[in-house]
Amino acid sequence: MRLIYFLSSRIIHFYQLRNKITYKRTLKAILALTIIFIFLLSGNNRLLAQNIIEGDDGDIKYINLSVITQFPESIEFNFSSEKPLPYEVLTLKYKILGTKATQVESLLINQYESLNETIKIKTNNSESYIPPGAEIEYWYEISTMRKNIFSSLKKSLILTDQRYDWKVIKNQNDYIYYHDYDDKSAELILEKAKNTYTDMSELFAMKSDNSIRITLYNSWQELKTILPPRSEVQENSLITEGMSFGDTGVIILLGNKDNILGVTMHETVHFAFRNAMGSVSWPIPAWLNEGLAEYANTQSNGNYATILAQAIKNNSLFPITSLTTFPGKPDDVILAYGQSKSIVTFLIKSYGATPFQELVENLHKGNHIDIALKNAYGLNRFEIDNDWRESIGAKKIAPIIKTSSLPTSIPQSIPIPSNPKTFQIPSKNSNSEGSSCTFRSSNSSEIGLTGGLLFLLFFHNVKAKQRTTKTNKVNRKKL
Ligand SMILES: [Zn+2]
């Protein structure tokens, strides 16, 4: 996540680095780009999709399914039929593409009356969130209590913010939604994200072509209303320049900033790193996650060099062990970013790509950072720290003896919505990939918010508010 201050006079200056993406590749990407301009829905039209799905059952003439968004609050799936259906349970199944788990909402239907039922999915309450730009695959089943099941075809839709008339540029499975914005600039942002993802995939030796799903907002006023419903996020004291939503591939960007391409690269790295990590059992250390994002941000305009030089002179660098999460004071945060970038750059440039790939692989397996570093580099964090300090002419540090250095798992996820008005039943139809009837109990069913922890720490210190221990608890209502 990239943040800037709204009211503070402090401005983060980033220094320019050489863009390593070659013009050849850029040209190739441009040529390969398939551009589609679509004026989507008018401001008042909230229909996301309408399907008439014919059944293969002689008694089912058709079910009309309308999907309507009340963005950002909810999505409604309205099912209707001309005549009664000989079934008793209607089950909506859906999956946010990129995530693994299938969500299920069921309700009883009256087999003696025509069907007219709505299943409402909350998308922006305090315990759930689906970002604009997310692609949702959905289908439904109707069944009898004896488990006779009719299953519909799968459809998909892209959740969009209905307040604006969006254009979209697609490049294979990647896309960018934007409005009232220069077409070429939007195209460049998508291209930059794709190239960054490719660069990261090469660095990680990772074969992946997960979709990048960008939505570009033009001002903080537009953007702040659609952010995750933590009250802190919507305060005016901070501006979110970009946000990456874990496995969904959704990246939200603020397009009116000079460093938009830098932020694009930064957030794309978070997405690529998330893909490479898989479902690790604890958060990736901030120094590695943010350091890598800034290492790959070839258009960073920060003045890390000056801040680092000052910290070396004052002997005020952070021990790497203290950068599992970032500090809260603004000056400290800037130093933490700069130091993390320097450490990651040192790891990659001094030791080469191979041990870095081994580091990623070890983390992917769930190894603790110390074990992963030891396996990859033969060094622990403390030794890495001092090697790095030596390389930049900083004073080395003495080891800090701790009884345990294992970080506590800290929730960074936003659960997928729950609909208390429907009930959830085990389905016998278990052939859907990743389909689960243990609703929302799996971490994989949640949307991780990259940088969320940093953001909270950052905010809490700035605003001097009580640190919340609010977690990703989901209130499950069993009916
Ligand atoms: Zn970040």
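Select helix α8, residues 353-364 (helices are DSSP runs of H or I, at least four residues, numbered from the N terminus). At 1.5 Å a residue, its twelve residues should span 16 Å, and the end C-alpha atoms are indeed 16 Å apart. The expected span is 1.5 Å times one less than the number of residues.

This is a predicted model: local features need pLDDT of at least 70, side-chain atom pairs count only at pLDDT 80 or more, and totals for chains, interfaces and linings use all residues. Numbering runs from 1 along each chain as its sequence is written.

Now pick Leu359, Val360 and Leu363, the buried residues of α8. Buried means 20 or more other C-beta atoms, placed from the backbone, within 10 Å of a residue's own. Look down the axis of α8: these buried residues fall within an arc of 95°, so they line one face. The arc is that of the directions from the helix axis to the C-beta atoms. What do they pack against? Show α2 (183-204), α4 (260-277) and α9 (369-377). Contact means C-beta atoms, placed from the backbone, within 7 Å. Just after α8, find glycine 366, with a positive phi of about 100°.

Next, helix α5, residues 286-296. Eleven of its eleven residues are buried, so α5 is largely enclosed by the rest of the structure. Trp287 and Tyr295 are among them.

Finish at the largest nonpolar core, with 91 residues. Such a core is a set of buried Ala, Val, Leu, Ile, Met, Phe, Trp, Tyr and Cys residues joined through C-beta atoms within 7 Å. Helix α4 gives the most to this core, nine residues. Select Ile214, one of those with the most contacts inside the core.

Notes
A residue is buried if 20 or more other C-beta atoms lie within 10 Å of its own, exposed if 12 or fewer, and partly exposed in between; C-beta atoms are placed from the backbone. Helices (H or I, at least four residues) and strands (E, at least two) are DSSP runs, numbered from the N terminus. Two residues are in contact if their C-beta atoms, placed from the backbone, lie within 7 Å.
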